[in-house]
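Grab the viewer and a coffee: here are a few short exercises to work through. Try each task on your own before you read its solution.

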Amino acid sequence: MKKVLLSIVASTLLFNTISAEEVEVLENNEEATTIVEDINNDESTNETVLASNEDVKTYVAQIGDTKYETLDEAVKNVQDGEEIILLDNCNLTALLDKNLTFTGNGTITINNYTLNGYKKDLTLKGKNVKLHWTNGEKENWLMLATSGSIKVLDGAKMIMEFNSANTATRTALYLIGKSSIIVDNNSTFKILGHETKGKVGQGIQLDSNTDVNIKVTNKSTFIIDGTNRGYVKNPTIYVENSNFKVINCTNNASNGGKFTAINSDILFENNAVLGLSVNELTVKNSTMNLNNNGYSGLFISSSSNSSLIDGKSKIYINGNNKSYYRYGAFWVGSTVKFEKGSILEVNNNNANGIRVSTNKIGYSGNANGELIIEEGVNVSIQNNNALYSIDEDNFGGGINSTGKVILPKDAKIYNNHAANGGDDIYVSGKGSIDFGKTGTDWTLNGGKKDKTGETKDCTDKIDGWYDDSKDSRWNAHDKENKHVDEIPANAYEGTLSLKAAHGIYGKLIVRYVDTKGNVLSKELTYFEKVDTEYTTIEKEFEDYSLVKVDGETKGKYIDGTITVTYIYEFTSGTGGNDVPETGINTSNALEIITVFSLITLVTTIILRKRFN
């Protein structure tokens, strides 16, 4: 008990000593006394907070060591050769006529601003730099007209977006003189249009004279989406190791110029009028999808230059001509060559699949179309339908040509349709074509309904090329108006109308019976074209001899059925009622019965021993 009381007393003394020391420190600390007085003085506290707020500023940009609270202020003070470093997201209200380079981290937003006559370079550099330019309610025909260059580099992004519904804005970018767009090293450039149908305008308009107007390289992306026209005025476009898209335009996606694609993916899709329109096309190790456009998917207009698709490239032209049929899905007005190893697919278009022209058409001038496709190119031209066009183009559902066409021998051209003739191939004027035989695995697919809603074709196997001229269309099934004039695969000049189809087939039945009508051998049935020669053979049967033959043992197939029956008489044995080779020899019946009985007896003995 005493020990406990001593402990309590000692603890109390220790606590009082410590408390006394703390009180002494506070009493002797003049600074602490001042703080307490300041806290109790409301006027003094307000003055301290206000002084602190005056030192807090938000900076959005920096040039060298100088920081700026607004991007407009930084643009005003920047000198040539200096970079504006973005420190945060910010707005820009005036793009002064200076060479401007933006780096750092942040999104620049430009709203309701139009600049006409910019003469300097605008550069965005770095993966965290983005410029989003919208025209809002600004009523002007364009957003930016420049004779300088726009450069989007090293992962940067530039987006120009406008809505034509309630404003007069129709064009995003107008390139003047030697102006160009450079998109490099994982960067992105986009022009987005909204509600542009029926408006006059474009994503990019060019009035320029330079080697390259648009250059997209090193895993970059270029997109024009939803503008009225995509780009116009014959630009020179170079795309390498990148993606290039012009989609959903409410008019033409493009308008002439030179287009080069190397190791790239190109897409022109869902545009209301032309897809990719060029004067000269070079494609190397690239894939081009030119699908579902209102007019042609690929339009190579009149030019003295040649176009080349190398052996590692793929061109797909499918589902085009939704609203206009005259140009054909793939229109060739100059020399176009596909090298060995490439792929050309022209399927399911609502017009001529390929149109090779030497005629003046629209703005393209005097065409001189030549399409040269080397052996080893994988060519598919199927299910194209020239049914609803003007009269002169209602020929040649697969190919319609007044120029020169050379095809690989294994090109797949079948199941195309035309209202007036030449379902698969039509050549007129001074045109020429060189093509191979039909494939052994080709089959008609029942046909495309024509303007009357009727379906003309069958589903029989294709066996060759047949004349399909306007006044004598191929027909192998109409008993009163059959026309099956076969045309061999070859090189031809002048008018030619062809369909991959089949001839009229006859049936040959060969039977082997005896004088009592017993069948001695399985009936044989053959099908071959009419006028194909046939020869039947006599068979030998043991104990039988041939007495006569009903029908011609040799001859030619006819449009119908030929039956040849070999009739035999039994010549040895008794009765003559047994048909040879029935499968059972009656002379061995006793031996068979004896063996079966022995097996049954042995089995019975074994079973009794087992169960007893």
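## Exercise 1: a patch on the surface

Tyr59, Ile85 and Leu87 make up a nonpolar surface patch, and their accessible area together is about 220 Å². Keep in mind that this is a predicted model.

**Task.** Find the place of Leu87 among the strands, and work out why Leu87 counts as partly exposed.

**Solution.** Start with the place: Leu87 sits in the loop between strand S3 (84-86) and strand S4 (90-91). Next, take the relative accessibility of Leu87, which is 36%. Partly exposed covers the range between under 20% (buried) and over 50% (exposed). So Leu87, at 36%, counts as partly exposed.

## Exercise 2: a glycine in a strand

**Task.** Say which strand holds Gly104, and which residues Gly104 touches, not counting those up to four places away in sequence.

**Solution.** Step one: Gly104 belongs to strand S5 (residues 100-104). Step two: leaving out residues up to four places away in sequence, Gly104 touches Ile85, Leu86, Lys125, Asn128 and Val129. Step three: add a distance, since Gly104 and Ile84 are 20 residues apart in sequence and their C-alpha atoms are 8.0 Å apart. Last, the relative accessibility of Gly104 is 25%, so Gly104 counts as partly exposed.

## Exercise 3: following the strands

**Task.** Trace the pairing from strand S6 to S9 and on from S9 to strand S12. In which sense does each pair run, parallel or antiparallel?

**Solution.** Begin with S6 (residues 106-111) and S9 (residues 129-134): they pair in the parallel sense over six bridges. To check one bridge, pick Ile110, whose partner in S9 is Trp133. Then move on to S12 (residues 157-163), which is joined to S9 by five bridges, again parallel. Here Lys130 stands opposite Lys157 in S12.

## Exercise 4: into the core

**Task.** Take the largest nonpolar core. Which residues touch the most other members, and what does Leu71 touch?

**Solution.** This core has 106 residues, and those touching the most other members are Leu71, Phe102, Phe189, Ile204, Phe244, Phe259 and Phe330. Strand S45 (residues 496-501) gives the largest share of this core, four residues. Apart from this core lies another one, of 12 residues, including Val510, Tyr512, Tyr544 and Tyr568. Now zoom in on Leu71: not counting residues up to four places away in sequence, its contacts include Ile84, Leu86, Phe102 and Ile108.

Key. Residues numbered from 1 in each chain as written. Predicted model: local features only at pLDDT ≥ 70, side-chain atom pairs only at ≥ 80, totals over all residues. Heavy atoms only, no water. Core = buried A, V, L, I, M, F, W, Y, C linked by side-chain atoms within 4.5 Å. Buried < 20%, exposed > 50% of the residue type's maximum accessible area, 1.4 Å probe, protein only. Helix = DSSP H or I, 4+ residues; strand = E, 2+ residues; numbered from the N terminus. Contact = heavy atoms within 4.5 Å. Patch = residues over 30% accessible without salt bridge, like charges linked within 9 Å, V, L, I, M, F, W, Y side chains within 5 Å. Areas by Shrake-Rupley, 256 points an atom, 1.4 Å probe, with all protein chains shown as cover. Salt bridge = Lys/Arg side-chain N within 4 Å of Asp/Glu carboxyl O. Pairing = 2+ DSSP bridges.
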